[in-house]
Amino acid sequence: MIGNGIDDEDKWLAEGIAGIQHNAFYMHRAMDSNNLREALKYSAQLLSELRTSRLSPHKYYELYMRAFDELRRLEMFFKEEDRHGCSIVDLYELVQHAGNLLPRLYLLCTVGSIYVKSKEASANDVLKDLVEMCRGVQHPIRGLFLRSYLAQVTRDKLPNITSEYEGDADTVMDAVDFVLQNFGEMNKLWVRMQPQGPGWVKEKQDKERKELRDLVGKNLHVLSQIEGVDLEMYKDTVLPRVLEQIVNCKDELAQYYLMDCIIQVFPDEYHLQTLEALLGACPQLQPNVDIKTVLSQLMERLSNYAASSPEVLPEFLQVEAFARLSSAIGKVIEAQVDMPIVGAITLYVSLLTFTLRVHPDRLDYVDQVLGECVKKLSGKAKLEESRATKQVVALLSAPLEKYNDIVTALTLSNYPRVMDYLDNGTNKVMAMVIIQSIMKTNTCISTAEKVDVLFELIKGLIKDLDGTSVDELDEEDFKEEQNSVARLIHMLHNEDPEEMLKIIYTLKKHIMAGGPKRLPFTIPPVVFSTLKLVRRLHGQDGEVVGEEVSATPKKIFQLLSQVIDVLSSVQSPELALRLYLQCAEAANDADLEPVAYEFFTQAFMLYEEEVADSKAQVTAIHLIIGTLQRMNIFGVENRDTLTHKATGYSAKLLKKPDQCRAVYACSHLFWIDDQDGVKDGERVMLCLKRSLRIANAAQQMAAVTRGSSGSVILFVEILNKYIYFFEKGNPQVTSTAIESLIELIRTEKQSDHITPDPASDAFFASTLRYIQFQKQKGGTMGEKYAAINL
C-alpha cells in the first residue's frame, strides 16, 4: 500500500513537471515575441501546477524549484518590459487579474520585487501589501512555499540603514515588521501540519514537517542580517515578538526548533544582554520540548563567547548570568515534572561547564551546581540507568579536568554527596578517575581532613559497598584497583610530623574496613609511609608534641604493631612477617632496642604458628637472618636469644639442602664486618661445620633414596663461605681447613656414585681460579693465600 502511494506520488510529480515544462515552452515563445499578455497567461498556467495537494513536502519542493527557475526568467522579462515602456504600476495591476489565487500571488510577489526596485512606490507599502495578500493561501504546504518565495525575492530589497531603499528613520522597523509578520504567518501554517491519525501516519507526517522547518527558520536568519537591528531593537522588539510567537504556538517541534534558531542566528552579545527574557520563555514551553538541549547550546555559546575575549567577562557579572541560568534551569525542571532524571543532570552538566569556563575562580558557584544536583537526586535510589550515570560521571569529572587538582575538588562540600548516588560499579569507575587525576598531576594531599574527604570519595575501592562482595569481582580488575589505592597512599604527605601522624590515623580508619582481600594491598603502603615518618623524626633528634597527638617514635611503632597484627589474622602471615622485620630495622635506626626486639619476637611467633609451607619457611628464615645481620642495637643477651632462634629454625627446615644453606647463612650473624661489630670466630666455625655435616647427610640420603649421591654444589657453596671469612680475618678459618674442604670436594667428585653437574663443576673451577688469582696477586692478601696448597 505504501509502495503504491510512493509510485503514485512519483507519477504526480512527473505530471506536474511535465505541465510546467509545457507551459514554460509557450511562455518563453511569448516572451521572445514580446507578447506580455501571452507570457502572463502561460506563466499563470505554469504556476497552477503548484496548486496540487497530492505531493509530500519533499516532492513538492522539487516541483517548486522547477517553477522557481521559470519565475526568475519571467522576472527578467518583466524588467525588460519596464524598459520597453510598460509601466511597472500597470504591470502590478495587470498580474492581479490572474484567474487562480496561487498563481496570482506568485506573480504579484515577482512583480512586487521589481516594483520595490523601481522605487516608484514606497518599499514599505508594497511589502505590506504583499505580506497581507499572501494570507489568501491557507493550505500549509502551498502557503509555506509561497511565503518562502516572498522572503526570497524581497530579502535584498528590505529598507534598512545601508540599503538603497532607505527612507525615513522608521524604515528599519518597517523591514522588521515585514519579516516578523511573514515569519508569524509561516509558523502558523507550519504548526497546522501537526501530525494526526495512526502511529505510522503520525511518524510520516512528523518527518514531513521537519523537512519544512528551514523555510520558517530562514526568516529569523534574514532578521539577524538586517543592518539596522541593533541590540536595543532586538531587545525591545524582535526578541519579544519572536518569543511570543514561539510560546503561543503550543507546538513542541516548533518551539524546540525556533528556540534553537534564535540561539544559533543572533549574536552572542545579544543573548547575554537579553538573557532574562530568553530564559523566561523556557518554563512556558510545552512539557515535552527538549529544552535541555536548547539551554545546553545557549550555555555553550555563552561559554565560547566568554573564552573568546576576557574583556567581556564583566558583562557576565553585570547581567548575573550564572544566577539567571541557574534559576531558569530550576524552573524548567520544576515545570517539566515528567523530565527524566538524565535530562535534569544533563542541564546541570552544561551549567557546570559554563561556570568552570566563565567563572573558574568561583568555587561557590561550582558547589552550588553540585548542590542543586543533589537536591534533584535526593529521595531517589542509586542511579542505575547508564545514560544518567554517564552524565553524573561527566559532572564529577569536569572540576578535575578544569582545575587539574583534586585538592580543589575536595573543598567542594557537595562533591561526595553527588557520588553517593552512583551505583557501586560507576562509583568505583569515578574513584579510579579521581586517583588517576592525582597520579597524573602528582598532587600531594597534605591534611588529615582532606584525606578523610578523599577516602570517602573513593570508598567504593576501599570497602564492600551495599550488596556487593569482593568474591564477585574480576580478579585482574580488583588487583588493578587495589594497586591504585596503594599508589595513592604514597601521595599523602605532610612535613609536619603531627599532621602526618593524623593522616596515618585517618588512613588506618578507612583501610581497616577493607576486608581480608584488600588489606594485603593497602596495609604495606601505610606501613612504609609510617616508617618514613619515624626516620624523619629520628633525623630531627626530638619529639614533636602537639595538643592532640604526640608524634613520637614509640607511639608510631605501637600503631604499626596494631596495623600489621591485622594482616596475620587475615591469612597473610608471610607479608606480616616481612613488615615486622621492616619495622624492626626502623626501630634499630631509631635506637629503640626493646621495640626492635618485640618486632623480631612477633616475626618468630608468626614463623612458628602461621608459616607452614616449606618454601615460605625457607624464604622467611633467610629474611629473618638477613635483617638480624643488619641490626646493631641489640645487647649481648637479646642478640644471643635471637641468633639462637634463627639458627635453631634453620636447622629444622624440611629439606637438607635448605637446612644447609640457612645454617651457613647464620654464620654471618656472628661476624659483622663493621666498626664495633660482632666478631665471634668460634661460632662462625660452628655454623660452617654444622652446615658441612648437613651437606654430608644430604649426600648420604640422596645415595640411599636415588642410588647416587647427587651434586657437590653444597660443598662448593660452603667452601666460598670459608674463603669469605678467611679473607675477613677469622682466625678459626685456617688455610688447612680450606685445603681439607677442597680435598673433600675433589674426592666426592671422583666418586662412582656422584651425579654429574656442569653447574657445580664450573662453580668449583671458578672458586679454585679465584684462590689462584689471589695467590698470584701478591701483597698482604697474596701472602695469606700462599699458605693454601691447591
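The lining of the largest cavity in this predicted model divides into five nonpolar residues, three polar residues and one charged residue. The residues concerned are A151, T154, R155, L158, F178, V179, N182, N219 and V222. Three helices, α7 (140–154), α8 (171–191) and α9 (199–225), each supply at least two residues of this lining. The largest share, three residues, comes from α8. The enclosed space amounts to about 40 Å³, and the count of cavities of 30 Å³ or more comes to one. Rolling a probe the size of a water molecule over the atoms shows where empty space is left.

The second largest pocket holds about 380 Å³ of space. Its lining is made up of 19 residues, and those nearest the centre of the pocket are Y61, F145, S148, L215 and K218. By class, the lining of this pocket comprises eleven nonpolar, four polar and four charged residues. Here α3 (57–83), α7 and α9 each contribute at least two residues, and α9 gives the most, with seven. Helices α7 and α9 thus appear in the lining of the largest cavity and also in that of the second largest pocket.

**Two helices and their buried residues**

Helix α31 (residues 614–630) has 17 residues and extends 25 Å from its first C-alpha to its last, close to the 24 Å expected at 1.5 Å a residue. Its buried residues are A616, Q617, V618, A620, I621, I624, I625, G626, T627 and L628. These buried residues pack against four helices: α29 (573–589), α30 (593–609), α32 (636–651) and α33 (656–666).

Helix α36 (residues 735–749) has 15 residues, which should span 21 Å at 1.5 Å a residue; its end C-alpha atoms are 21 Å apart, so expectation and model agree. Within α36, the residues S735, A737, I738, L741, I742, I745 and E748 are buried. They lie on the same side of α36, because the arc they cover around the axis is only 165°. An α-helix has 3.6 residues a turn, so residues three or four places apart point the same way.

**Individual residues**

Four residues, placed in helices or loops, are set out below with their relative accessible areas.

| Residue | Place | Relative accessible area |
|---|---|---|
| S397 | helix α19 (residues 386–403) | 9%, buried |
| R37 | helix α2 (residues 36–48) | 60%, exposed |
| Q571 | loop between α28 (553–569) and α29 | 67%, exposed |
| D591 | loop between α29 and α30 | 57%, exposed |

Residue A584 belongs to helix α29, one of the helices against which the buried residues of α31 pack. With a relative accessibility of 0%, A584 falls under the 20% limit and therefore counts as buried. Apart from residues up to four places away in sequence, A584 touches A596, F599, F600 and M631. The C-alpha atom of A584 is also 9.5 Å from that of F557, a residue 27 places away along the chain.

S397, in helix α19, is likewise buried, since its relative accessible area of 9% is under 20%. Leaving aside neighbours within four places in sequence, the contacts of S397 are Y415, M430 and V433.

R37, by contrast, is exposed, because its relative accessible area of 60% is over 50%. This residue of helix α2 has its C-alpha atom 111 Å from that of L577, and the two residues are 540 places apart along the chain.

**Positive phi in two loop residues**

Most residues other than glycine have a negative phi, and most peptide bonds are trans. Q571 has a phi near 60°, a positive value in a residue other than glycine. D591 likewise has a positive phi, of about 60°, although it is not a glycine. Q571 is placed in the loop between α28 and α29, whereas D591 sits in the loop between α29 and α30. Q571 is exposed at a relative accessible area of 67%, and D591 is exposed at 57%.

Terms used:
Residues are numbered from 1 along each chain as its sequence is written. This is a predicted model: local features need pLDDT of at least 70, side-chain atom pairs count only at pLDDT 80 or more; totals for chains, interfaces and linings use all residues. Side-chain values use heavy atoms; hydrogens and water are left out. On a 1 Å grid over the protein atoms alone, a cavity is a set of points where a 1.4 Å probe fits but cannot get out, and a pocket is an open set with protein on both sides within 12 Å along at least five of seven lines; lining residues have an atom within 4 Å of a point. Grid points are joined across faces, edges and corners, and a volume is the space filled by probe spheres set on the points. Ala, Val, Leu, Ile, Met, Phe, Trp, Tyr, Cys and Pro count as nonpolar, Asp, Glu, Lys and Arg as charged, and the others, Gly among them, as polar. The expected span of a helix is 1.5 Å times one less than its number of residues. Buried means under 20% relative accessible area, exposed over 50%, partly exposed in between (1.4 Å probe, protein chains only). The arc is that of the directions from the helix axis to the C-beta atoms. Contact means heavy atoms within 4.5 Å.
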